[in-house]
Amino acid sequence: MRNSLVVFVLPETSVWCCQLRPGASRMRVLAFIAPLLAASVCHGEIFTALVDMEHLAYTERELLGMLDRAIQAEEQKIQTLKKYMEQYQRVNRELVDNQEAYLHNPVNAYLVVKRLAADWKIVQGVITENVGSKFVENITQVSESLRIPDDEDLNGAAMALIRLQDTYRLNTADIASGEIQGSRLKRQLTAGDCFELGRQSYNNADFKHTALWMEEAWKIWRSESDERTAPLGDILEYLAFSTYKMGDVEGALRLTNQLLDEEPGHPRGVGNKAYYEQELAKQASTVRRQRKGETGEEEDLDVSVREGYTVPESTEEARLPERDMYEAMCRGEITVPPSKARKLKCYYAHNSAPFLLLQPIRAEDLYLKPHLVMYHDVMYDSEIEAIKQLASPRLARATVQNSKTGQLETASYRISKSAWLKQGEHPLVDQVNRRVAQLTGLNLDTAEELQVVNYGMGGHYEPHFDFARKEETNAFKSLGTGNRIATFIFYMSDVEAGGATVFPEIGAAVWPRKGSAAFWYNLHRSGEGDYDTRHAACPVLIGSKWVSNKWIHEIGQEFARPCGLTPDE
């Protein structure tokens, strides 16, 4: 916002000027100049002649007009604030009344973060322009005392939505309309919301999604006849540049021409147009030279587009790249091949544990080598709620271990929050640990603490190993308990969509079911890592995923799981 020059013409030859700073209230300006006006009017002998008083009448009329315009501006801003308040109250009531279902829709979750991180700044700007500094200070104090999402949080929420879009192949228009696999509570994105998603993608140099979301913003903008939520010039500029960065110079020029049709004086449009025209001229020159054979390059100008992979019917066919395999499994497009699935069984497991002999656990084989088993109904609701309550105050951004230094650090490929519960701090934690020991027959004296994890909007953990490979010499060194021999995962919530634990190497998947658990050995009996246990936590599409992990280490398992004679045994 530019400074405004306010000019006051006083009686006779006096002229007062002041600059109105961005965000400064006109009422404060009037409060500042009123004494000056009074001093000017009352100074000297102006009152001695009616002719001089006539000037005062016109001066006062001018002041009243200015005051009236200031009041109208203030009233208009009050109406704007009321509109924001009504709009936000309506959305907040829906959020409070249906908090769990509302936030399980990732579009809704993104809009909550966007509203607090970006939209409320607009409200604060309106307030700053209309009220005194004391009110602004109160807002600042609240912002400092509460955990208000910042720009980094907004970027994270936007990227989570993009991650879901890619992994689950969601249509941009469907996301914008809130249509995500039949979510109960949904809200549509405005052009401004889509623009913000495109802008965040641009900030991450993701020009593909910049273009997708700017296209959607443009489409919605055309339907916003009453109130535009994003500037068309900015939409077209981002769209043109992202199109250029993806190699379509002609498309970028066409969009820039449309931008200049809408805003002939756009500050960057003219320069961008000239640049794109130069780029096209260079391309044309290169083509002419190639045709003449002057460049020494290949003369065949056809560019073949490499076709995407088709998802195989089973993992026995030609393998996909891991990323494609992982995402296809998250979508449920790849399952265990029939030749292997027919050998899988369901049975009652007791592992010769006295308590389990009285009450065996329902078990289901999901894969045989490596043996991946799912236990059903092995955690009670009372245990789940107690563990959640213990962990919730301690939840912090989950970390991974640096393979070189052994230090824990955050990573973009693991997005979740976790907390650790120690043995002995609550009877139910001890009870859950005993159940793991009974089901596995392993010694938990050297196991890690129970790790409780919550995956929220777009929460995921890309393909990884739980065990430390030979080159990771510092991993688990400080524990002194050897490598992670086995993994036991409790699923403490149902997930409406997404959130599976998938094994890309073998095509097996575990879909979250509240109260169930999964178990597998990370190491062969020889102590060598089993590379087929590489697994991933798929992004949560709708809902919230709670799990608790128990990682069991080698030391202490010498008799429970004796060494084998061959590396792969």
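Begin by selecting Asp193, which sits in helix 8 of this predicted model. Its relative accessible area is 7%, so Asp193 counts as buried. Show its side chain together with the backbone of Thr190, and you will find the side chain of Asp193 reaching the backbone nitrogen of Thr190 at 2.9 Å. If neighbours within four places in sequence are set aside, the residues in contact with Asp193 are Tyr110, Leu111, Lys114 and Gln188.

Stay on helix 8, which covers residues 191-203, and move along to Asn203. Asn203 has a relative accessibility of 45% and is therefore classed as partly exposed. Add Asn155 to the selection: although the two residues are 48 positions apart along the chain, the C-alpha atoms of Asn203 and Asn155 are separated by 8.8 Å.

Next, select residues 151-167, which form helix 6. Its 17 residues should span 24 Å at 1.5 Å a residue, and because the end C-alpha atoms are 24 Å apart, the modelled helix agrees with that expectation. Colour helix 6 by accessibility and look for its buried residues, among them Leu154, Met159, Ile162, Arg163 and Gln165. Just after helix 6, stop at Arg169, where phi is positive at about 50°.

From Tyr110, already seen as a contact of Asp193, the tour passes to the nonpolar interior. The largest nonpolar core has 52 residues, and those touching the most other members are Tyr110, Leu189, Trp213, Ile235, Val502 and Leu541. Centre the view on Ile235 and display what surrounds it: leaving out residues up to four places away in sequence, Ile235 touches Phe195, Met214, Ala217, Trp218, Trp221 and Ala230. Apart from that core lies another, of 36 residues, which includes Tyr375, Ile387, Phe488 and Trp546.

Trp546 leads to the strands, since Trp546 in strand 20 is the bridge partner of Asn454. Select strand 11, residues 450-455, where six of six residues are buried. Both of its faces are covered, with Leu450, Val452 and Asn454 on one side and Gln451, Val453 and Tyr455 on the other. Now add residues 545-553, which make up strand 20 and pair with strand 11 in the antiparallel sense over five bridges. Strand 10, residues 417-421, also pairs with strand 11 in the antiparallel sense, over five bridges, and in this pairing Leu421 stands opposite Leu450.

The next stops concern backbone geometry. Most residues other than glycine have a negative phi, and most peptide bonds are trans. Select Lys369 and Pro370, whose connecting peptide bond is cis, with omega near 5°; Pro370 belongs to the loop between strand 4 (361-367) and strand 5 (372-376). Beyond strand 5, in the loop that leads to helix 16 (381-391), is Asp377, with a positive phi near 55°. Then go to Asn351, in the loop between strand 3 (346-349) and helix 15 (354-358), where phi is likewise positive and near 55°. With a relative accessible area of 41%, Asn351 is therefore partly exposed.

Finally, zoom out to the whole protein, whose secondary structure comes to 17 helices and 20 strands. Of its 569 residues, 45% count as buried, while the exposed surface is about 31100 Å², with carbon and sulfur atoms supplying 51% of that area. Among contacts with a separation of 6 or more, 69% are between residues 24 or more positions apart.

Note on methods:
Residues numbered from 1 in each chain as written. Predicted model: local features only at pLDDT ≥ 70, side-chain atom pairs only at ≥ 80, totals over all residues. Heavy atoms only, no water. Helix = DSSP H or I, 4+ residues; strand = E, 2+ residues; numbered from the N terminus. Buried < 20%, exposed > 50% of the residue type's maximum accessible area, 1.4 Å probe, protein only. Contact = heavy atoms within 4.5 Å. Areas by Shrake-Rupley, 256 points an atom, 1.4 Å probe, with all protein chains shown as cover. Expected span 1.5 Å × (residues − 1). Polar contact = N/O pair within 3.5 Å; in protein donor to acceptor, adjacent residues only side chain to side chain. Pairing = 2+ DSSP bridges. Core = buried A, V, L, I, M, F, W, Y, C linked by side-chain atoms within 4.5 Å.
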